[in-house]
Amino acid sequence: MGTPPAPAWATIFFVLYEDILLPKWTATIPFYLRFIDDGKDPEIAMEQFTQFKQEMNAWFGLEWTFTEPASTVNFMDLTISIVNGRIETTLFEKAQNLYLYIPPHSSHPKGVTTGLIMGQVLRIRRLCSKRADANEKIKQFASKLMT
């Protein structure tokens, strides 16, 4: 979007439509999440999904990009999967992520670098539901710090 406050304006604008649209869908979509322009509904039949997309895109020319329903989805910084009836999560990072961390030789206090590393490791541990997956993500993070 062009101006810095544009995402907030679009969110406020679209909430007005959600207040009209979503009550019609509560029987079909009992659990709907949206953060700015990322939305998630874990369970919906394909024909209802098509109709929901059409209704979402019918509001003042706004056009949403939808991902077809699947057992795995990327939402915010998570990859959420349903495996054997259980929810599993892991860290999702976009391909465009540049991994621009503060260099350790910068003029920042030493605690900033330590806090960055500890914060990221704790974040990975919290977001990954499998220990082996978290360990792999931490190794990837460490390699990004070294480059």
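Phe14 is buried in this predicted model, because its relative accessible area is just 1%, below the 20% cut-off. Its ring pairs with that of Tyr17, one of the four aromatic pairs that turn up in a search of the whole structure. The same kind of search for salt bridges gives three. Here's a run through both sets, plus a greasy spot on the outside.

**Aromatic pairs**

- Phe14 and Tyr17 sit three residues apart in helix 1, which is about one turn of the helix.
- Their ring centres are 5.7 Å apart and the planes make an angle of 70°, so the pair counts as edge-to-face, the cut-off for that being over 60 degrees.
- Tyr17 is buried too, with a relative accessible area of 9%.
- Trp25 and Phe52 make another edge-to-face pair, with 5.3 Å from centre to centre and 75° between the planes.
- That one reaches across the chain: Trp25 belongs to helix 1 and Phe52 to helix 2 (residues 46-56), with the two positions 27 residues apart in numbering.
- Both partners are tucked away, as Trp25 is buried at 6% relative accessibility and Phe52 is buried at 5%.
- Elsewhere, Tyr99, Tyr101 and Phe141 come together as one aromatic cluster.

**Salt bridge between helix 1 and helix 2**

- Glu55 and Lys24 form a salt bridge, and their closest N and O atoms are 3.0 Å apart.
- Glu55 is in helix 2 and Lys24 is in helix 1, so this contact ties together parts that are 31 residues apart in sequence.
- Is each partner buried or exposed? Glu55 is buried, at a relative accessible area of 17%, whereas Lys24 is exposed, at 57%.
- Glu55 gets its label because 17% is under the 20% limit, and Lys24 gets its own because 57% is over 50%.
- Helix 1 and helix 2 are therefore linked by this salt bridge as well as by the Trp25 and Phe52 ring pair.

**Salt bridges involving helix 3 and the loop after it**

- Arg123 meets Asp77 in a salt bridge, at 2.9 Å from N to O.
- Arg123 is part of helix 3 (residues 110-127), while Asp77 is in the loop between strand 3 (72-75) and strand 4 (78-83), so to speak a link between distant parts of the chain, 46 residues apart.
- Asp77 is partly exposed, with a relative accessible area of 27%.
- Lys130 pairs up with Glu88, and here the closest N and O atoms are 3.4 Å apart.
- Lys130 is in the loop between helix 3 and helix 4 (131-146) and Glu88 is in strand 5 (residues 86-91), so the bridge joins parts that are 42 residues apart in sequence.
- Both ends count as partly exposed: Lys130 has a relative accessible area of 45%, and Glu88 comes in at 22%.
- Glu88 misses the buried label because 22% is not under 20%.

**Nonpolar patch on the surface**

- Which residues form the nonpolar patch on the surface? They are Phe13, Leu16 and Phe60, and together they have about 330 Å² of accessible area.
- Phe13 lies in helix 1 (residues 6-25), the helix that also holds Phe14 and Tyr17.
- Phe13 is partly exposed, with a relative accessible area of 32%, whereas Phe14 is buried at 1%.
- Phe13 can count towards a patch because its 32% is over the 30% that patch residues need.

Note on methods:
Residues are numbered from 1 along each chain as its sequence is written. This is a predicted model: local features need pLDDT of at least 70, side-chain atom pairs count only at pLDDT 80 or more; totals for chains, interfaces and linings use all residues. Side-chain values use heavy atoms; hydrogens and water are left out. Patches are made of residues with over 30% relative accessible area and no salt bridge: like charges are joined within 9 Å, nonpolar side chains (Val, Leu, Ile, Met, Phe, Trp, Tyr) within 5 Å. Accessible areas come from the Shrake-Rupley method with a 1.4 Å probe; for residues, only the protein chains shown count as cover. A salt bridge is a side-chain nitrogen of Lys or Arg within 4 Å of a carboxyl oxygen of Asp or Glu. Helices (H or I, at least four residues) and strands (E, at least two) are DSSP runs, numbered from the N terminus. Buried means under 20% relative accessible area, exposed over 50%, partly exposed in between (1.4 Å probe, protein chains only). Rings of Phe, Tyr and Trp (its six-membered ring) pair if their centres lie within 6.5 Å; planes under 30 degrees apart count as stacked, over 60 as edge-to-face and the rest as tilted.
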